[in-house]
Amino acid sequence: MTLIKSISGIRGTIGGKVGEGLTPLDVVKFTAAYGTWLKRQNPVNQLIILGRDARLSGDMVSKLVAGTLQSLGLNVLDLGLSTTPTVEVAVPEENAAGGIILTASHNPIQWNALKLLNAKGEFISGQDGEDMLKIADDEDFDFVDVKKLGSYKTDDTWLQKHIDMILKLPLVDVEAIKNRNFKVIVDAVNSTGGIAVPMMLNALGVTQITKLHCEPTGHFAHNPEPLPENLTDITKAIEKEKFDLGIVVDPDVDRLCFMCEDGSPFGEEYTLVAVADYILQNVKGNSVSNLSSTRALRDVTEKSGGKYYASAVGEVNVVSLMKSSKAIIGGEGNGGIIYPELHYGRDALVGIALFLTHLAKSGKKISVMRKGFPEYYISKNKIELTADIDVDGVLDAMKKKYAKNPINAIDGVKIEFDKEWVHLRKSNTEPIIRIYSESDSITKADTLAKKLISDIKEFVAGK
């Protein structure tokens with residue numbers, strides 16, 4: 001059993017002992033802490049937006065969360081089965097004090113989580129998260145008497161409202177998409193994307209839609225992380241029947257990846273690259289992704305005359321840098337699209353609309369579009385260290401060893417070698433260093449990673 005208390009949310013496995021898993025008592029405790037923190041931020045605004053993905057524990061956890069918020073005197077507007085970005089856009093539109101999304105994103109079926117939003121519909125900051133966790137640790141909450149209990153209402157209209165907001169964006173061209181008459185297959189891993197993605201496609205004029213794992217039962221048909229090794233079902237379906245493209249989302253619809261017409265993956269890293277390419281062709285501006293994302297976004301941005309910025313890993317960090325750099329597009333290499341024109345949050349639905357517009361206007365097959373982008377390959381590795389090893393010391397040693405190279409140290413150590421790079425990053429939960437490297441071939445990326453692993457082992461052996 002696992003319970004992880006991070007600055008922007010609480011996630012864990014369902015069941016087990018209190019404090020060791022996401023038990024009902026843990027759900028109530030952290031919900032009460034969040035509600036108390038919100039009331040102290042804004043004693044007047046009493047409205048909280050609630051939504052969830054389709055995982056098996058969702059209904060149970062939702063009832064606990066809603067009841068706890070009501071017991072604090074807060075009013076709950078429950079969107080029910082929804083998506084993370086839908087709840088994010090609903091919070092400011094409903095003038096709510098905050099929101100909670102019940103989803104463990106790409107984690108397996110036994111997991112769930114409370115994703116916590118501020119009044120802007122964005123993930124709460126690091127400092128806010130620490131303040132909330134202190135309230136939880138101190139159990140510093142005060143519940144209201146019976147005459148002051150909060151209200152509870154449901155609203156199933158927000159998914160359509162979210163889609164309507166996307167359709168109004170100037171760079172979304174419904175007619176262009178409709179005229180291409182795309183034949184699309186969707187894999188939504190039996191969660192809420194099975195509702196949301198077909199709705200989005202219908203609104204965009206796509207009429208040929210094949211649904212694969214689109215029943216929101218919560219019984220995930222495969223590992224829910226949208227990586228090529230987990231997408232054998234949609235690959236086989238595309239190889240068996242002709243489609244223009246495949247669309248895959250994770251359980252809460254904030255990560256997006258595409259499959260080419262031949263069944264090959266477009267590449268999760270290249271979801272953001274393709275959308276950014278389209279945005280930057282039409283509007284001059286800057287872009288942001290995290291340090292572990294592909295260099296291709298930088299290439300595409302600089303080609304269009306914009307400036308690329310790299311943030312620390314994590315959506316909160318990406319959003320913060322997007323605001324300070326006035327970026328018009330950003331996200332993460334895991335298929336997360338953040339388009340500020342709509343809202344500051346990863347959103348697969350707006351990603352679908354922008355990507356299909358780009359594909360439709362290009363007149364190309366999706367595989368041909370993919371070949372038009374700079375070709376990079378990322379190798380993901382890790383090196384396990386004994387508990388007595390000073391991981392910060394290891395990172396400092398690598399920084400000194402490669403001091404003549406461009407180095408970014410805002411999140412671990414990223415070392416650039418011309419158009420190659422390696423990112424060394426300390427795990428928050430294990431004595432390991434994650435080693436991501438990128439080059440123009442997977443062999444070169446693997447070789448670069450092995451070189452740094454060798455350097456690290458040499459340093460550790462010499463201590």
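Student: Which helices supply at least two residues each of the lining of the second largest pocket, and what makes a residue part of a lining?

Tutor: The helices are α9 (268-282), α10 (296-303) and α12 (348-362), helices here being DSSP runs of H or I of at least four residues and strands runs of E of at least two, numbered from the N terminus. A lining residue has an atom within 4 Å of a pocket point, a pocket being an open set of points on a 1 Å grid over the protein atoms alone, where a 1.4 Å probe fits and protein lies on both sides within 12 Å along at least five of seven lines. This is a predicted model, in which local features need pLDDT of at least 70 and side-chain atom pairs count only at pLDDT 80 or more, while totals for chains, interfaces and linings use all residues. Residues are numbered from 1 along each chain as its sequence is written, and side-chain values use heavy atoms, with hydrogens and water left out.

Student: How many residues of that lining are nonpolar, polar and charged?

Tutor: The lining divides into 5 nonpolar, 5 polar and 4 charged residues; Asp, Glu, Lys and Arg count as charged, Ala, Val, Leu, Ile, Met, Phe, Trp, Tyr, Cys and Pro as nonpolar, and the others, Gly among them, as polar. The second largest pocket holds about 290 Å³ of space. Of its 14 lining residues, D277, Q281, K303, G372 and F373 are the closest to the centre.

Student: Why is E438 said to have no salt bridge?

Tutor: A salt bridge needs a side-chain nitrogen of Lys or Arg within 4 Å of a carboxyl oxygen of Asp or Glu. The nearest side chain of opposite charge to E438 is K414, at 6.5 Å, so the pair does not meet that limit. E438, in strand β20 (residues 432-439), is nevertheless buried, a word that stands for under 20% relative accessible area, with exposed meaning over 50% and partly exposed in between (1.4 Å probe, protein chains only).

Student: What makes the pairings of E438 with T294 and with W421 polar contacts?

Tutor: The side chains of E438 and T294 are joined at 2.6 Å, and those of E438 and W421 at 2.7 Å. Both values fall within the 3.5 Å allowed between N or O atoms, where within protein one atom must be able to donate a hydrogen and the other to accept it, and residues adjacent in sequence count only if both atoms are side-chain atoms, so both pairs are called polar contacts.

Student: How do you know that R40 and D140 form a salt bridge, and what does the pair tie together?

Tutor: The N to O distance between their side chains is 3.0 Å, which is within the limit and therefore earns the name. R40 belongs to helix α1 (residues 24-41) and D140 to the loop between α4 (126-138) and β7 (152-154), so the pair links parts 100 residues apart in sequence. R40, at 47% relative accessibility, and D140, at 37%, both count as partly exposed. In total, the rule gives 23 salt bridges.

Student: Are K115 and D254 buried or exposed, and what makes them a salt bridge?

Tutor: Their closest N and O atoms are 3.3 Å apart, so the pair qualifies. K115 is in strand β6 (residues 111-117) and D254 in the loop between β10 (245-249) and β11 (256-259), so parts 139 residues apart in sequence are tied together. Both residues are buried.

Student: Why is E122 called buried while its salt-bridge partner K323 is called partly exposed?

Tutor: The side chains of K323 and E122 meet at 2.7 Å, N to O. K323 lies in helix α11 (residues 315-325) and E122 in the loop between β6 and α4, so the bridge ties together parts 201 residues apart in sequence. K323 has 32% relative accessibility and therefore counts as partly exposed, whereas E122, at 11%, counts as buried. Elsewhere, salt bridges that share partners join K115, D252, D254, E315, E332 and R346 into one network.

Student: What makes the phi values of V189 and V253 worth a remark?

Tutor: Most residues other than glycine have a negative phi. V189, however, has a positive phi of about 50°, and that of V253 is near 65°. V189 is in the loop between β8 (183-187) and α7 (193-203), and V253 is in the loop between β10 and β11. With 0% relative accessibility, V189 is called buried, and V253, also at 0%, is buried as well.

Notes. Grid points are joined across faces, edges and corners, and a volume is the space filled by probe spheres set on the points. Lys and Arg count as positive and Asp and Glu as negative; His and the chain ends are not counted.
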